[in-house]
Amino acid sequence: MDTRKLTDVLRATIDPTQRQQAEEQLSQIHKIIGFAPSLLQVVMLSDVDMPVRQAGVIYLKNLVSQHWADREVEPGQPLPFSIHEQDRAMIRDAIVDAVVHAPDLIRVQLAVCVSNIVKHDFPGRWTQIVDKISIYLQNPDAPGWTGALMCLYQLVKNFEYKKPEERGPLNEAMNLLFPMMYQLCVRLLPDQSEQSVLLQKQILKIYFALTQYSLPLDLISREVFSQWMEIVRAVADRPVPEQTNAVDEEDRVDLPWWKCKKWALHILHRMFERYGSPGNVTKEYKEFAEWYLKTFSAGILEVLLKILDQYRRKIYVSPRVIQQTVNYINQGVSHAFSWKFLKPHMFAIVQDVLFPILSYSQADEELWNTDPYEYIRVKFDIFEDFVSPVTAAQTLLHSSCKKRKDMLQKTMHFIMQVLTSPNADPRQKDGALHMVGTLADVLLKTKVYKEQMDDMLCQYVFPEFTSPRGHMRARACWVLHYFSEIKFKEEAVLAEAVRLTTNALLTDQDLPVKVEAAIALQMLLNAQEKAQKYVEPQIRQITLELLTIIRETENDDLTSVMQKIVCTYTEQLMPIAVEMCQHLAATFSQVLETDEGSDEKAITAMGLLNTIETLLTVMEDQPEIMAQLQPTVLQVVGHIFSQSVMEFYEEALSLVYDLTSKNISPDMWKVLELMYQVFQKDGFDYFTDMMPALHNYVTVDTPVFLLYENYVLAMFNMCKAVLTGDAGEDPECHAAKLLEVIILQCKGRIDQCIPSFVELVLQRLTREVKTSELRTMCLQVVIAALYYNPQLLFGTLEKLQLAVSPTESITSHFIKQWIHDTDCFLGLHDRKLCVLGLCTLVNSVVRPVAVNECAAQIIPSLILLFDGLKRAYIAKAQEGEEEEEEEDESDIDQEVLASDEDEIDETNQEYLEKLQRNKTKGSAGSPFNVTSYIQDEDTDDDSDDDYEANEETALESYTTPLDEENCNVDEYVVFKEVLQNIQANDPTWYQVLTANLTTEQQKALQEVMVLADQRKAAAESKRIEQSGGYVFNQQTVPTSFNFGGTPLGR
């Protein structure tokens, strides 16, 4: 392909007058063989203008991202385009050299191409990337190193989060490249020039990506690890060049010297936390951790204490370096070995490092004054917590005072000095109160201090509510928030705390104070029952004020305050519920309109939707209010669906569920049509989220659901799309469940649908099924159809054309598979339906041949099911009786560690081990084929024993008429009547069914009969009692069985 022509077309794409035509031209030629390599050539031509080369490289990046891998051909669809293998081979040959020689602007985009090619072609088609990188790394010419390291970084990044057993190809490559990378780094270390430091930073980033998730001990021996730790220690220790101090502090963070240090500390903390902390590591690192702690603590802590000393002496240290240093020291507090190095310095660290970090800073003040909205955003940004020195300082302060002797006492003594000092700077007072709040939970569990906390609040916190400085008023609210669980000795103190907080929320002029006050109020309401009555008189103003602040700040934490208030003061808020809902909906629209795709906006929008949902949930028993709320909520739902705002589909579907739980208005039936359109357009992956609302449409107003056959058809089409598509087995289980619910809910009214439903699930069983859940769920649809109308089902099965064995009918296959799988039916509902199905089967006038063939297994299968049911009913009854255990009020004094003690977190240890086991345990499920319909499972994860007795299945919450409290179909009674009926009218068949029972099974059968009588009597008694009749004493019930007052049951 002519590179000059291609250059002209690319040049035209950046000219607004020619862009459209040029883009059309590109889309015509991009599929031609030779296009992609020519594009790479143009990008690398140094005599072409930079903007044209950039346009070319971005086009190339998108081409590689979207069309590199071969795609599967969909049946009936045209062949999807992918770059021809000849072109791919040419690009693979040239791309590493291109990355090496390209200028930075181009190199960054080419690196993305490398990443995509590695993902699809390494190691299979592209082992030469390793050779190319190794040639450049060994070359003494410095210009080749940057590009080679960038390619190596892309290679390692592709394996960063993979399990150790999936990292073989990478480890093989690193056997060759890792030593070269080390040699290069050693060579670069003495050179502090910008170019050299940028290369060192890239090497550290590669090391971090290689080791942050698993440490390959076969690749990195102790000797090699020690060499790398020496490099990292040297980088952390060396001073930055003098000239960096001339740069403005805000910009210093981005200088390569500080970035390089940041990565060095990142590595140190990660190695200690994940592999070097005895008692907190998985077992393969147990010995390594012991060795790490003994070998490296002294050397590394010496460097880190030096960094803290610089900070103490007011010499600039970048925020991330401080943060990671403090994090490392925090990890060291737990271990006796590292504590002995830290102990002499720890109080000085609290006083001279943590205290200044926790105090109100110059930067805080500037932000508060110039942009209070941004101030609030930063203070409440959860992502900030991962990088902020303030969070790190809080954590270290907390763990040293909680875990190590005398630390709390010394720290509190220091804090009191600051608070009582007449000429303390307000910033320092802020720092002292910040420390007190950070230690709140420790103080409230320590004998010496918990008695004094009321006085501390009255003396040092309450007065700050009237401080002329906004930040001190905000801090006072913040401290109350952290002390909300205090046991007040006098109620008057609580009343004053609520008064001050409410007043700050309603009258303060500074927005950050209002936000802190709102959150403090929520915490007080959560923790102090007596607080409710003090808030109530002003609840209306508080709520309206809160709505305004939420709109102004779009702060997510405030939406949870609103949810608390709505739940606490439901009755008082009824008159303004509609106004609240409209306000929240308008704020939601505002957030959506101004959203540039930031996470914070999405979190806030989600919070608003959850608040609307809370409002609906608490008002659900108020039909008039619900009817008034509905139009507003429907606007929100309509907006989300019509604009395809997919990230809020789940919340929108929850709102639809709330609006259909009690009754379904004509407008809500229109929403069902809208949901169907959404499903067809882009909602396929949200089927499980739709399920609760779909279940409502079937069960809440069944007559209307059946009135228009399009409703049933829409449900069927969705289930069909899920069961014939590639949604995965969980959504498929939900689809089968929905079919089962429709059959049981509409008994006798949907004969015309049964054949399609049954055919759909049996078709699914002819393809591979990995889990027993999906298999039993599909069988259950057929069992429901049998229970619905046996003759209709058998007629349907006879007509079906499925690829089964020529010697056996589909009916026979189905019955044998079902009886073989009875142990896979779990929970109450599934077992109950299974029992009713088997009863229908043995009692049908015209019995299929297979029933006679399996006759000897039927009663034993039923006994197994009844045994499971008995356990499930007991567990359900017990669940209702269990009460929450009282919270442990133990003091913390016993938890302090002696100087020579380690903190061993045994639960964490177990958790890590378990995680590891789950990671390595592959779940091998057997494929399922109708031609070999009956299979023994080769996994042990399906046996009944692994489940707790009340293993309510995840789908059991989608109830059917069989699960209602007042359901008059009792499976025990039905079984007894069917068996007695057979005994009386068809003794030969009875003989066949029961002849081969063991003594054990006969005894179990007898027990089921006794239970059937007891359940019948209990139900009768309950019915008479409910109709106001007498109550008679029940027969004695076996003590092993307890039906917790509800004999039927879900």
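Contact, as the word is used in these legends for a predicted model, means heavy atoms within 4.5 Å.

**Figure 1. Helix α8 against helix α10.** Under that definition, the residues Trp145, Thr146, Leu149, Met150, Leu152, Tyr153, Val156 and Lys157 of α8 meet Gln195, Leu199, Gln202, Ile203, Lys205, Ile206, Ala209 and Leu210 of α10. Sorted by character, the residues of this contact comprise 11 nonpolar, 3 polar and 2 charged. The axes of α8, which covers residues 145-157, and of α10 approach to within 9 Å and cross at roughly 15°. Because angles under 35 degrees count as roughly parallel, α8 is described as roughly parallel to α10. The crossing in which α8 passes α10 is left-handed.

**Figure 2. Helix α10 against helix α11.** The view shows α10, residues 194-211, together with α11, residues 222-237, whose axes come within 12 Å and cross at roughly 135°. The two helices α10 and α11 are therefore oblique to each other, and their crossing is left-handed. On the side of α10 the contact is made by Gln200, Ile203, Leu204 and Tyr207, and on the side of α11 by Phe225, Trp228, Val232 and Val235. The residues of this contact divide into 7 nonpolar and 1 polar, with no charged residue among them. Ile203 of α10 takes part here and is also listed in the contact with α8.

**Figure 3. The cis peptide bond at Pro123.** The peptide bond that leads from Phe122 to Pro123 is cis, its omega lying near 0°. Pro123 itself is found in the loop between α6, residues 104-121, and α7, residues 128-138.

**Figure 4. Lys314, a loop residue with positive phi.** Lys314 has a phi near 65°, a positive value in a residue other than glycine. The residue lies in the loop between α14, residues 286-312, and α15, residues 319-333. With a relative accessible area of 74%, Lys314 is classed as exposed.

**Figure 5. Ser644, a further loop residue with positive phi.** Although Ser644 is not a glycine, its phi is positive, at about 50°. Its place is in the loop between α34, residues 623-642, and α35, residues 649-659. The relative accessibility of Ser644 is 24%, so that this residue counts as partly exposed.

**Figure 6. Surroundings of Gln630 in helix α34.** Gln630 is found in helix α34, one of the two helices that flank the loop of Ser644. A relative accessible area of 12% places Gln630 among the buried residues, since buried means under 20% relative accessible area. When neighbours within four places in sequence are left aside, Gln630 is in contact with Leu659, Ser665, Asp667 and Met668.

**Figure 7. Surroundings of Ala518 in helix α27.** Ala518 belongs to helix α27, which covers residues 511-527, and is buried, with a relative accessible area of 1%. Not counting residues up to four places away in sequence, Ala518 touches Leu505, Leu546, Leu558 and Val561. The view also includes Ala504, 14 residues from Ala518 along the chain, and the C-alpha atoms of these two residues are separated by 8.6 Å.

**Figure 8. Surroundings of Leu786 in helix α42.** Leu786 lies in helix α42, residues 772-788, and its relative accessible area of 0% makes it buried. Apart from residues up to four places away in sequence, Leu786 touches Leu793, Phe794, Trp818, Gly837, Thr840 and Leu841. Thr840, one of these contacts, is 54 residues from Leu786 along the chain, yet the C-alpha atoms of the two are separated by 7.3 Å.

**Figure 9. The chain that frames the close-up views.** The chain contains 51 helices and 0 strands, and its C-alpha trace spans about 105 × 85 × 65 Å along the principal axes. Of its 1050 residues, 52% count as buried. The accessible surface comes to about 48200 Å², and carbon and sulfur atoms contribute 50% of that area. Among contacts in the chain with a separation of 6 or more, 75% are accounted for by residues 24 or more positions apart.

Notes:
Residues numbered from 1 in each chain as written. Predicted model: local features only at pLDDT ≥ 70, side-chain atom pairs only at ≥ 80, totals over all residues. Heavy atoms only, no water. Axes fitted to C-alpha atoms, helices over the stretch in contact; angles between N-to-C directions. Helix = DSSP H or I, 4+ residues; strand = E, 2+ residues; numbered from the N terminus. Parallel < 35°, antiparallel > 145°, perpendicular 65-115°, else oblique. Left-handed = near helix turned anticlockwise from the far one by under 90°. Nonpolar A, V, L, I, M, F, W, Y, C, P; charged D, E, K, R; others polar. Buried < 20%, exposed > 50% of the residue type's maximum accessible area, 1.4 Å probe, protein only. Areas by Shrake-Rupley, 256 points an atom, 1.4 Å probe, with all protein chains shown as cover.
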